[in-house]
Amino acid sequence: MSLPVTALYTALFLILMVGLSLQVVRMRMREGVSLGDGESKPLRQAIRVHGNAAEHIPFFLIGLGTLESLSAATTALLLYGTIFFLARLAHVAGLSQRKTVNPLRQAGVLVSWLIMLAVAIHLLILAIPRI
């Protein structure tokens, strides 16, 4: 079984995660902190940006891959993937600002959750009849 759409978004999210990891390392070097956050707000913020992505992206990719394995329409998969990717970029941009409560972060979170719910509902629609 081949999952080319899931492979595409996995690659994009891997690149994003490497970028977020590099930001944490850069901040650690700047702040002189090896473990933890050293009470540094900018480092804590970079850690949370990376952590939040790590908390959401894997579940989305599992859902997307499962949908693709159930032969969901490629158009739907690409739509879910593109919107989720853009939402995660918005969230990263919003959470990286000094004022962390802002429209970019809020939109990124809301759209991420809505896409995750849409994927879950789509999975239920495809899976239940096959049980």
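## Notebook: helices, rings and charges

I started with Leu114, which I found in helix α4, residues 103-127. A reminder to myself before going on: this is a predicted model.

**Leu114 and its surroundings.** Is Leu114 buried or exposed? Neither label fits, because its relative accessible area is 48% and exposed begins over 50%; I wrote it down as partly exposed. I then looked for company on the surface and found a nonpolar patch made of Leu110, Val111, Leu114, Leu117, Ile121 and Ile125. Together these residues offer about 550 Å² of accessible area. The spacing made me think of the helical repeat: an α-helix has 3.6 residues a turn, so residues three or four places apart point the same way.

**Past α4.** Next I followed the chain into the segment after α4, where I picked out Ile131. I noted Ile131 as exposed, because its relative accessibility is 89%. I also checked how far Ile131 sits from Leu35: the C-alpha atoms are 47 Å apart in space, and the two residues are 96 apart in sequence.

**Helix α1.** I went back to residues 4-31, which make up helix α1. Its 28 residues reach 41 Å from first C-alpha to last, close to the 40 Å expected at 1.5 Å a residue. Which residues of α1 are buried? My list reads Val5, Thr6, Tyr9, Phe13, Leu16, Met17, Leu20, Val24 and Met27. When I asked what covers them, the answer included α2 (41-69) and α3 (74-95). Just after α1 comes Gly32, and I noted that its phi is positive, near 70 degrees.

**Aromatic rings.** How many aromatic pairs does the whole structure hold? My search of the whole structure gave four. I looked at Phe13 and Phe60 and called the pair edge-to-face, because the planes are at 70 degrees, with the ring centres 6.3 Å apart. Phe13 belongs to helix α1 and Phe60 to helix α2, so this pair ties together parts that are 47 residues apart in sequence. I found both Phe13 and Phe60 buried.

Phe13 has another partner, Phe85, in an edge-to-face pair with 5.1 Å from centre to centre and 65 degrees between the planes. Here the tie runs from helix α1 to helix α3, so it joins parts 72 residues apart in sequence. Phe85 is buried, as is Phe13. Putting the rings together, I recorded one aromatic cluster of Phe13, Phe60, Phe84 and Phe85.

**Salt bridges.** Then I turned to charges, keeping in mind that side chains of opposite charge can pair when their charged atoms come close. My count came to three salt bridges.

- Arg30 bridges to Glu31, with the closest N and O atoms 3.2 Å apart. I marked Arg30 as exposed because its relative accessible area is 58%, while Glu31, at 32%, counts as partly exposed.
- Asp37 meets Arg44 at 3.0 Å, N to O. Arg44 went down as partly exposed, since its relative accessible area is 34%.
- Glu55 meets Arg48 at 3.2 Å, N to O. Glu55 is partly exposed at 40% relative accessibility, and Arg48 is partly exposed too, with 37%.

**To look at again.** I would like to return to Phe13, the residue that pairs with Phe60 and with Phe85, and to the nonpolar patch that includes Leu114.

Terms used: Residues are numbered from 1 along each chain as its sequence is written. This is a predicted model: local features need pLDDT of at least 70, side-chain atom pairs count only at pLDDT 80 or more; totals for chains, interfaces and linings use all residues. Side-chain values use heavy atoms; hydrogens and water are left out. Patches are made of residues with over 30% relative accessible area and no salt bridge: like charges are joined within 9 Å, nonpolar side chains (Val, Leu, Ile, Met, Phe, Trp, Tyr) within 5 Å. Accessible areas come from the Shrake-Rupley method with a 1.4 Å probe; for residues, only the protein chains shown count as cover. A salt bridge is a side-chain nitrogen of Lys or Arg within 4 Å of a carboxyl oxygen of Asp or Glu. Helices (H or I, at least four residues) and strands (E, at least two) are DSSP runs, numbered from the N terminus. Buried means under 20% relative accessible area, exposed over 50%, partly exposed in between (1.4 Å probe, protein chains only). The expected span of a helix is 1.5 Å times one less than its number of residues. Contact means heavy atoms within 4.5 Å. Rings of Phe, Tyr and Trp (its six-membered ring) pair if their centres lie within 6.5 Å; planes under 30 degrees apart count as stacked, over 60 as edge-to-face and the rest as tilted.
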